[in-house]
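User: Please take a close look at a single part of this model, and then place it in the context of the rest. I would like the reasoning set out step by step.

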Amino acid sequence: MAHRTVVVASASGLHARPAKVFVQAAARLGVPVTVRLGEKAVPAKSMLGVLSLGAVHGTEVTLEADGPGAEEALDSLVALLSRDLDADEALDA
Amino acid sequence: MRDGLLDPRAVLLHESAPDRTAAIRRCGRALVEVGAVAEPYVEAMLERERTISTYVGEGVAIPHGTNASKGDVKRDAICVVRFPGGIDWDGERVTLCVGIAAKDDGHVPLLAALAEILLDPDRARALREATEVSQVLKELT
């Protein structure tokens, strides 16, 4: 089991928009990834699951995956969570 | 969910709308009517939706404003608007909208509580198929 611990960098936490960007990226990977926060573990590609974590800016979450491609998959999601996805929104606008 | 978030007057169970934009306007108006947000928040909800779809699964969308529009939020609130005929939501079919208004970081615990409810298929179905305001209040409080 590969795993990474990462701090949520988005200013407003892992809520609707940053959560959606994360979930869409996870769904494209083709490797099932689990997000763990305390007792809760949810599939990274489940929008409702990720939202239910209630992760705010600075929350530490753990990503887990198994099998071929797991390391690369986790690296790409860690890179995403380490970015302020709300700041990206400001750039879009 | 937290008490006082959902005003019974913001539960509309028999709405219809031709498209996603009209559905979001209906949600925004419900939030305006209960005094939770100022009028410009409605446009901010449409702007948010253009950036990224607020569809979350289970036939539910959660329209809300942009970060820049938080100044138009007077108090944290949600509205529940049901569209029994369904709305095409960027390729997904939505029959229930939960409009959200939250100041500061209020949206994170609010969304978490809502997601937790919708992750339970029985409760999600009860909300989608609710015909009485009391059923919605029971599931969301």
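Analyst: A residue counts as buried when 20 or more other C-beta atoms lie within 10 Å of its own C-beta, as exposed when there are 12 or fewer, and as partly exposed in between. The structure is a predicted model, and the part chosen here is helix α3 of chain A, residues 70–81.

Helix α3(A) has 12 residues, and the distance from its first C-alpha to its last is 17 Å, close to the 16 Å expected at 1.5 Å a residue. Its buried residues are A:A73, A:L74, A:L77 and A:L81. These four cover an arc of only 95 degrees around the axis, and they therefore lie on the same side of α3(A). An α-helix has 3.6 residues a turn, so residues three or four places apart point the same way. On the face of α3(A) turned away from the buried side are the exposed residues A:E71 and A:A79.

A helix of chain B offers a parallel case. Helix α2 of chain B, residues 40–51, also has its span given: its 12 residues should cover 16 Å at 1.5 Å a residue, and its end C-alpha atoms are 17 Å apart, which agrees. Buried in α2(B) are B:Y41, B:V42, B:A44, B:M45, B:R48 and B:E49. Viewed down the axis of α2(B), they fall within an arc of 160 degrees, so they line one face of the helix. Their packing partners in chain B are α1 (20–33) and β5 (92–101).

A strand residue of chain B is described as well. B:Y55 belongs to strand β2, residues 55–57 of chain B. B:Y55 counts as buried because it has 22 C-beta neighbours inside 10 Å. Leaving aside residues up to four places away in sequence, B:Y55 touches B:A61, B:W89, B:D90, B:E92 and B:V94. Of these partners, B:V94 is 39 residues away from B:Y55 along the chain, yet their C-alpha atoms are separated by 7.8 Å.

The setting of these parts in chain B is as follows. Chain B contains 5 helices and 5 strands, in the order β-α-α-β-β-β-β-α-α-α from the N terminus on. A compact globule of 141 residues would have a radius of gyration near 14 Å, and the 13 Å of chain B agrees with this. The C-alpha trace of chain B spans about 35 × 30 × 25 Å along its principal axes, and 48% of the 141 residues count as buried. Among the contacts in chain B with a separation of 6 or more, 67% come from residues 24 or more positions apart. An unreviewed UniProt entry annotates residues 4–141 of chain B as "domain: PTS EIIA type-2". Over that range the chain is 39% helix and 25% strand, with the end C-alpha atoms 9 Å apart.

There remains the contact of the two chains, to which chain A gives 17 residues and chain B gives 19 residues. On the side of chain A that touches chain B, α1 (16–29), α2 (47–52) and α4 (85–92) of chain A each supply at least two residues. The most comes from α2(A), with 5 residues. By type, the residues on this side of chain A divide into 6 nonpolar, 6 polar and 5 charged.

How values were computed:
Residues are numbered from 1 along each chain as its sequence is written. Chains are lettered from A and ligands numbered from 1 in the order in which they are written. This is a predicted model: local features need pLDDT of at least 70, side-chain atom pairs count only at pLDDT 80 or more; totals for chains, interfaces and linings use all residues. UniProt positions are given in the numbering used here, feature names are shortened, and annotations may be inferred rather than shown by experiment. Two residues are in contact if their C-beta atoms, placed from the backbone, lie within 7 Å. Ala, Val, Leu, Ile, Met, Phe, Trp, Tyr, Cys and Pro count as nonpolar, Asp, Glu, Lys and Arg as charged, and the others, Gly among them, as polar. The radius of gyration is taken over C-alpha atoms; the globule rule is 2.2 Å times the number of residues to the power 0.38. The expected span of a helix is 1.5 Å times one less than its number of residues. The arc is that of the directions from the helix axis to the C-beta atoms.
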